[in-house]
Structures are given as structure tokens and as C-alpha cells.
Amino acid sequence: MEALISSYGDTSSDSESDSQPPLAASVDNHSPPPSSLPSPPIDLLNPPNSSGTFDYLQRNSASRIRSFPHIEGNYALHVYIPVFIPSERKRELALFLKKATSLIPDLHVVDLDVPLSMLLKDEEKLIQVALGREFHISLGRTVPIRVHQIDSMVAMLRQKLQFQKRYLIDFNKWEVFVNDDQTRTFLSVENTTRGVAEVTKQIQTVNEVYKLHNLPEFYKVS
């Protein structure tokens, strides 16, 4: 399966309770803002004492490539398990990112297009920008759906996933992945041991719902 980007150490959940694990189905409208609206002042994105990160983001956001074209009335659906990096692990991962960047200078922060090299001199900024966001394990592809499909998709996903109990996951293998369009390469941490069976079962469940709505299934689990 596709392990999502990021930097993660050997870590696992700290609870074995029977409560449902956090799952999320994100549905976002892809309508762009009206072209007549001006860009926000750069000062709003680049606060005092900033390293220039947000200024860089503002100037380079156009480099992102859509995985599917924008169509009026389409919404983007993404089903995933939220993953948060424990505070005690972040400094260990910051050291790894520094080493990785020394070997591959062109590494960027995922989703932000900010070069890691810009952040190396300020460890707190590196942790905040590169490791302070929410990571996730995808249970399905990000796909476009029509507005009339939203209620059906969400209802079926809730019905099929509501009885899933909490389980432990180990992230124990660094891996490199390439997106479908072969426009981006990701440094990721893969789950290959504890938790694989449970994640695989949930992917299969989401696949069933996708197939009923004529949506593409997720990547095959190796």
C-alpha cells in the first residue's frame, strides 16, 4: 500500500482500547476563487522573524499539478487515518531530515513546496514546518465525486467502518514512492509489520464502497 509521506520514527499507538480509531473522509470543493480577487498581502503570509518560508510558498504554489482536472460541481474525496508525530520523536526525525537533505538537497516539505534546505539552520522552524502538520495513512485514492454522491459515500463508509476497533501500527521502513503522474517522488515511512492486516482490511472495505460508485480502487498492497 502507499505509505504517506513524511517523517516518522519507529513508533506506535499508545492505546489498545476497543474504541474506534480516528478515521476521516475528507470532501472538498475544488472551485477556485474568483479571478477578480487580488492576492493577499505577502505580509500576512510572512510574519515578523519569518525565515521566508511562506514567501517562498506564495511565489511557488503554481508548481503543484492537479491529479484530476477541475470540473464545476465536483468534490474531492479522500478517506484516511490521521497520524500525528509524538513530540519526543520530532527531534529525532529532524536529525534524519537534516542527513537526508545533505544527501538530496532538492528535498521539499510535502504539500508546501518549501525546500528543506531553507529550514536546516533553525531546528524549531524545521520541526514546525516539516513535522508539525498532520500526516495520514490513505485508505483510498483521492477521487472526484459529484455532489449527489456525497451522502451515499459517507453513509456507506460510516456503516462499514463503524465497528472497527483500535489497533496498533508500527512504522518501521523508509520507502520512496512516485505519484501516478510521475511528477513527484515522496520519502515515506511504510507500515510492514504490526497493523498491516487491519489497514489492509480497511482498504478493502473502502474499495468496496468505491466500486459501488464506479470509482477507482486503491493501490494493491504488496
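**Exercise 1.** Determine in which strand His-78 lies, whether His-78 is buried or exposed, and which side chain it contacts.

*Solution.* Step 1: in this predicted model, His-78 belongs to strand β2, which spans residues 74-83. Step 2: the relative accessibility of His-78 is 12%. Buried means under 20% relative accessible area, so His-78 counts as buried. Step 3: the His-78 side chain forms a polar contact of 2.9 Å with the side chain of Ser-138.

**Exercise 2.** Describe helix α4, stating which of its residues are buried and which residue caps its N-terminal end.

*Solution.* Step 1: helix α4 covers residues 123-131. Step 2: the buried residues there are Lys-125, Leu-126, Ile-127, Val-129, Ala-130 and Leu-131. Step 3: the N-terminal cap is Asp-122, with a side-chain oxygen 3.2 Å from the backbone nitrogen of Glu-124.

**Exercise 3.** Locate Gly-132, classify its exposure, and identify the residues that it touches.

*Solution.* Step 1: Gly-132 is found in the loop between α4 and β5 (135-138). Step 2: its relative accessible area is 46%. Partly exposed covers the range between the buried limit of 20% and the exposed limit of 50%, so Gly-132 is partly exposed. Step 3: leaving aside residues up to four places away in sequence, Gly-132 touches Lys-90 and Ile-127. Step 4: Gly-132 and Ile-85 are 47 residues apart along the chain, and their C-alpha atoms are separated by 7.9 Å.

**Exercise 4.** Characterise the packing of α5 and α6, giving the relative direction of the helices, the handedness of their crossing and the residues that meet.

*Solution.* Step 1: two packed helices are described by the angle between their axes and the distance between the axes. Step 2: the axes of α5 (residues 150-161) and α6 (residues 196-212) come within 10 Å and cross at roughly 150 degrees. Step 3: angles over 145 degrees count as roughly antiparallel, and α5 and α6 are therefore roughly antiparallel to each other. Step 4: their crossing is right-handed. Step 5: α5 contributes Met-153, Met-156, Leu-157, Lys-160 and Leu-161. These meet α6 residues including Gln-202, Thr-205, Val-206, Val-209 and Tyr-210.

**Exercise 5.** Summarise the whole chain by its elements, their order, its buried share and its contacts.

*Solution.* Step 1: the chain contains six helices and eight strands. Step 2: their order along the sequence is β-α-α-β-α-β-β-α-β-β-α-β-β-α. Step 3: of the 222 residues, 38% are buried. Step 4: among contacts with a separation of 6 or more, 77% join residues 24 or more positions apart. Step 5: the accessible surface comes to about 13,100 Å², and 53% of it belongs to carbon and sulfur atoms.

Key:
Residues are numbered from 1 along each chain as its sequence is written. This is a predicted model: local features need pLDDT of at least 70, side-chain atom pairs count only at pLDDT 80 or more; totals for chains, interfaces and linings use all residues. Side-chain values use heavy atoms; hydrogens and water are left out. Helices (H or I, at least four residues) and strands (E, at least two) are DSSP runs, numbered from the N terminus. Buried means under 20% relative accessible area, exposed over 50%, partly exposed in between (1.4 Å probe, protein chains only). Contact means heavy atoms within 4.5 Å. Accessible areas come from the Shrake-Rupley method with a 1.4 Å probe; for residues, only the protein chains shown count as cover. A polar contact is a pair of N or O atoms within 3.5 Å; within protein, one must be able to donate a hydrogen and the other to accept it, and residues adjacent in sequence count only if both atoms are side-chain atoms. Axes are lines fitted to C-alpha atoms, for helices over the stretch in contact, and angles run from 0 to 180 degrees between N-to-C directions. Angles under 35 degrees count as roughly parallel, over 145 as roughly antiparallel, 65 to 115 as roughly perpendicular and the rest as oblique. A crossing is left-handed if the near helix is turned anticlockwise from the far one by less than a right angle, and right-handed if clockwise.
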